[in-house]
Amino acid sequence: MGTRPSSRLVDVIRKHESGILADWVKTQFSILKSTERLSESALRADCERFLPLLRAALQASGDEDIMTPAWDGPRDMLSELSRLRAKAGYTPSETAVFVMSLKQPLFERLRGEIGRDADTLADEVWHTTLLLDRLALFTTEVYQKGRDEIILRQQEEMLELSTPVVQLWDGILALPLIGTLDSARTQVVMENLLQRIVETGAGIAIIDITGVPTVDTLVAQHLLKTVAAARLMGADCIISGIRPQIAQTIVHLGVELSTVVTKATLADAFAIALRKTGASLARGSKS
Amino acid sequence: MERIPILKMNEFLLVSIQVDMHDRLAMTLQDDLTERIVRDRARGVLIDISSLEVVDSFIGRMIGNIAAMARVLDAETVVVGMRPAVAITLVELGLSLDGVRTSLNVDKGMELLRTALANGDGHHDDDR
């Protein structure tokens, strides 16, 4: 197939613009109706914007290579639409239907125009299909990219959320870990903790692993690395919140934690930390 | 030739590394420091590395070696003010410097040296 100008399609769109628009909106709405997410007027506005853009691009470029600058208009509009739909929670097919449902009205009008000339009709239909498929694929690609961006952002947010370093006392920091520890998270945790040690001048850091569901050799290694790095900076670490199950696992795996002070609860660790800093708590008599 | 200055303060020696360490500089420091520990009969060495931004395995090992040599010469070593990035690098390199005392800043480092020396002296008295 050569890159022959689709002048026929341009003519058809210009001639039957309002008819195509009406059919197109109707087809889409009948498909999307069940999802109850879109109002007909909003859909119509989108379609009204897209059709002239498509026609202008067809006229300017004349072929189906939608990656050329001539197609900037439709591409930008489709990207925007896909991103919005990705954010609004549409499925990929609900997003692609925007372009796909344009086929039926266009084919009908082409048939009306060309009539009984089967060769020309088949040719025109082929070119139109090629074009619309490419546009639909592009839509899906952008949709997927939009979803990926959302996932990536959420992962980063979770990383930020899950590693707070809190100051318990003058010179005592606590790091309550929640969730599984992998290499990337350990890095963030370690950096956060060390940074806070520098900022606060804390001599003792309590790493509480109550919220860590499982401890395997890798997690233990990550923990030991964090402890070693803190020690190099001059801060002692206490690991607390070791559940009975985890204590068993650690021993069975043969992980050597003897170089680190470990405590069953954060309260015990805090008591030790207070004693080490020379502070003491006394229960005042209530009068 | 470039040298890292070593200051004497009572029975302690102070070393502040303010420039980027390179291998030759580290070797010179090792020579100078062992020399001075003997000459000044120093009991403690405080190495401030708060300005040190880049370390490699060689420099990491040199720090450990200097501390070990000082211990042989009966002087306690404390390394103070290590930056987070440096600490992470050393740990990733597998150098946890187990024999070296560390501290957050010079104040705490001096305190650590004094208590270490006080305890050490106590031990000597017990031995006799």
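In chain B, 78% of the contacts between residues at least 6 apart in sequence join residues at least 24 apart. In chain A, residues 24 or more positions apart account for 74% of the contacts with a separation of 6 or more. The model is predicted. Chain A averages a pLDDT of 84, and 94% of its residues score at least 70. Among the elements of chain A, strand 4 (residues 236-240) has the highest mean pLDDT, 93. Helix 1 (residues 7-15) of chain A has the lowest, 81.

## The two chains

Chain A contains eleven helices and five strands. Of its 287 residues, 31% count as buried. Chain B has four helices and five strands. Their order along the sequence is β-β-α-β-α-β-α-β-α. Buried residues make up 38% of the 128 residues in chain B.

## Nonpolar cores

The largest nonpolar core holds 72 residues. Seven of its members touch the most others: Ala205(A), Ile206(A), Ala229(A), Ala230(A), Met233(A), Val45(B) and Ala87(B). Helix 9 (residues 217-233) of chain A gives this core its largest share, nine residues. Another core lies apart from it, with 27 residues. Its members include Ile13(A), Val25(A), Trp71(A) and Ala136(A). As a general background, nonpolar side chains in soluble globular proteins tend to be buried together.

Which residues does Ala205(A) touch, not counting those up to four places away in sequence? They are Leu173(A), Leu175(A), Leu193(A), Ile197(A), Ala230(A), Ala235(A) and Cys237(A).

Asp236(A) sits in strand 4 of chain A. Its C-alpha atom is separated by 4.8 Å from that of Ile204(A), 32 residues apart along the chain. Leaving aside neighbours within four places in sequence, Asp236(A) is in contact with Gly203(A), Ile204(A) and Arg231(A). Asp236(A) has 18 other C-beta atoms within 10 Å, so it counts as partly exposed.

## Where the chains meet

The contact between the chains involves 14 residues of chain B and 15 residues of chain A. On the chain B side, helix 3 (84-92) and strand 5 (101-103) are the elements that give two or more residues. Helix 3 of chain B supplies the largest share of that side, five residues. By class, the chain B side has nine nonpolar, four polar and one charged residues.

## Helix 2 of chain B

Helix 2 of chain B covers residues 57-72, which is 16 residues. Does its length fit, or not fit, the expected span? At 1.5 Å a residue, the helix should span 22 Å; its end C-alpha atoms are 23 Å apart, so the two agree.

The buried residues of this helix are Ile59(B), Gly60(B), Ile63(B), Ile66(B), Ala67(B) and Ala70(B). Seen down the helix axis, they fall within an arc of 120 degrees, so they line one face of helix 2 of chain B. The general rule behind such a pattern is that an α-helix has 3.6 residues a turn, so residues three or four places apart point the same way. On the other side of helix 2 of chain B, Ser57(B), Ala68(B) and Val72(B) are exposed.

What covers the buried residues of helix 2 of chain B? The cover includes helix 1 (23-40), strand 3 (44-48), strand 4 (76-80) and helix 3 of chain B.

## Positive phi in chain B

Most residues other than glycine have a negative phi. The table lists three residues of chain B with a positive value.

| Residue | Phi | Place in chain B |
|---|---|---|
| Arg41(B) | near 50 degrees | loop between helix 1 and strand 3 |
| Asp74(B) | near 60 degrees | follows helix 2 |
| Leu97(B) | about 50 degrees | loop between helix 3 and strand 5 |

Is Arg41(B) buried or exposed? Arg41(B) counts as exposed, because it has 11 C-beta neighbours inside 10 Å, and the cut-off for exposed is 12 or fewer. Leu97(B) has 20 C-beta neighbours inside 10 Å and therefore counts as buried. The cut-off for buried is 20 or more.

Note on methods
Residues are numbered from 1 along each chain as its sequence is written. Chains are lettered from A and ligands numbered from 1 in the order in which they are written. This is a predicted model: local features need pLDDT of at least 70, side-chain atom pairs count only at pLDDT 80 or more; totals for chains, interfaces and linings use all residues. pLDDT is the predictor's confidence in each residue, from 0 to 100. A nonpolar core is a set of buried Ala, Val, Leu, Ile, Met, Phe, Trp, Tyr and Cys residues joined through C-beta atoms within 7 Å. Two residues are in contact if their C-beta atoms, placed from the backbone, lie within 7 Å. Ala, Val, Leu, Ile, Met, Phe, Trp, Tyr, Cys and Pro count as nonpolar, Asp, Glu, Lys and Arg as charged, and the others, Gly among them, as polar. The expected span of a helix is 1.5 Å times one less than its number of residues. The arc is that of the directions from the helix axis to the C-beta atoms.
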